[in-house]
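The reader is invited to view the structure below before proceeding to the text. The explanation moves from the overall chain to particular elements.

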Amino acid sequence: MRRYVIKRLAQAVGVLWAAYTVSFLVLDYLPGDPVTAMASAGMDSGQVDPEQIAVLRHEYGFDKPVLVQYAEYLSRAVRGDFGDSVSTGRPVTSTLADALPQTLQLTGAALLLAVVLGGGVAVVATYTARRWLRQLLLSLPPLGVSVPTFWVGLLLVEAFSFRLHWFPAFGNDGLRGLVLPALTLAVPTGAQVAQVLAKSLLTALDQAYVETARAKGAGRWRVHLRHALRNASLPALTVVGLLVGQLIAGSVVVETVFSRDGLGRVTAAAVTAQDIPLVQGVVVFGALIFVATNLVVDLVHPLLDPRIVVASGGKAALA
């Protein structure tokens, strides 16, 4: 087990380094100049004092070679220091800390809704004996995956805000203001969970151990939840870990549609302004959440199926 955990931790560190490096290279080769944009805010770029630009370049380290910039930024990032935002002048960590609670609230609520709704659809669809109901429920996940997130948000706003007046359309208005954005994010995510879990459940219900449980007199509901669901949940659990990154990326669109403050709007503004320190801070933080979630999933897998640790150690292959 120790070797398994060390391997997963090493992979997590590699993902964080790769995310930081790729974001640095992409932002460095984008056309435009964040320093000039900051210095010329509210005026014609031709009116900017070249000496002022030179001072700002030196202050943010943009006058150094790219490799030197990368080495310095990386060494500071390892210590948790991402520097100051080029567009606002505030420390990147402070900006992220201010925006973090709203985004975590949104993504957490969306993930909970996705697991409950997606898992519920999969369990009911594979349990019911009514063929028409099963076909109806199994047709919902492909529809949920194919619908664009922003379109779902606009439909929900039109129906529940402008027509029924149940929930606010915009802003961070407590729990009521969280319902529609979280549901918007949860629809495509829950659809993917439902697809994977339903397929796994249908496969598990045809296995020999399920037939053995039925032969021993176990009821349908007990066979479904206690025997089939435990093994079928492994692929769905893996998908949930991967979808955390999708939820964070989707928050950019959702927070823009619903005018919510959070990391999504911070990211959109930072990319537009080519704010390299802030964008890198957002990328690394998003990668950290993604890596931490998948690390938890990797550590939970052996609890559900101990053969995973054995296979990881090279002693046996996972069946």
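The following paragraphs describe the fold, the annotated spans, one helix with a bend, and a patch on the surface.

The model shown is predicted. Its chain contains 13 helices and zero strands. Of the 319 residues in the chain, 39% are buried.

The UniProt record, an unreviewed entry, carries the annotation "transmembrane region" for residues 12-30, 109-129, 136-157, 234-258 and 278-297. Two of these spans may be examined further. Residues 278-297 are 100% helix and 0% strand, and the C-alpha atoms at the two ends are 29 Å apart. In residues 136-157, helix accounts for 91% of the span and strand for 0%, with 25 Å between the end C-alpha atoms.

Attention may now turn to helix 8, which comprises residues 176-204. At 1.5 Å a residue, its 29 residues should span 42 Å, and the end C-alpha atoms lie 39 Å apart, which agrees. Helix 8 nevertheless bends by about 35° at Ala186. A proline, Pro188, follows Ala186 within four residues.

The last feature lies on the surface. Phe150, Trp151, Leu154, Leu155 and Val253 make a nonpolar patch of about 470 Å². Helix 7, residues 149-163, supplies the largest share of this patch, namely four residues. Leu154 has its place in helix 7. How exposed is Leu154? Its relative accessible area is 48%, so Leu154 counts as partly exposed, a class that lies between the limits of 20% for buried and 50% for exposed.

Conventions. Residues are numbered from 1 along each chain as its sequence is written. This is a predicted model: local features need pLDDT of at least 70, side-chain atom pairs count only at pLDDT 80 or more; totals for chains, interfaces and linings use all residues. Side-chain values use heavy atoms; hydrogens and water are left out. The expected span of a helix is 1.5 Å times one less than its number of residues. The bend at a residue is the angle between axes fitted to the seven residues ending there and the seven starting there. Patches are made of residues with over 30% relative accessible area and no salt bridge: like charges are joined within 9 Å, nonpolar side chains (Val, Leu, Ile, Met, Phe, Trp, Tyr) within 5 Å. Accessible areas come from the Shrake-Rupley method with a 1.4 Å probe; for residues, only the protein chains shown count as cover. A salt bridge is a side-chain nitrogen of Lys or Arg within 4 Å of a carboxyl oxygen of Asp or Glu. Buried means under 20% relative accessible area, exposed over 50%, partly exposed in between (1.4 Å probe, protein chains only). UniProt positions are given in the numbering used here, feature names are shortened, and annotations may be inferred rather than shown by experiment.
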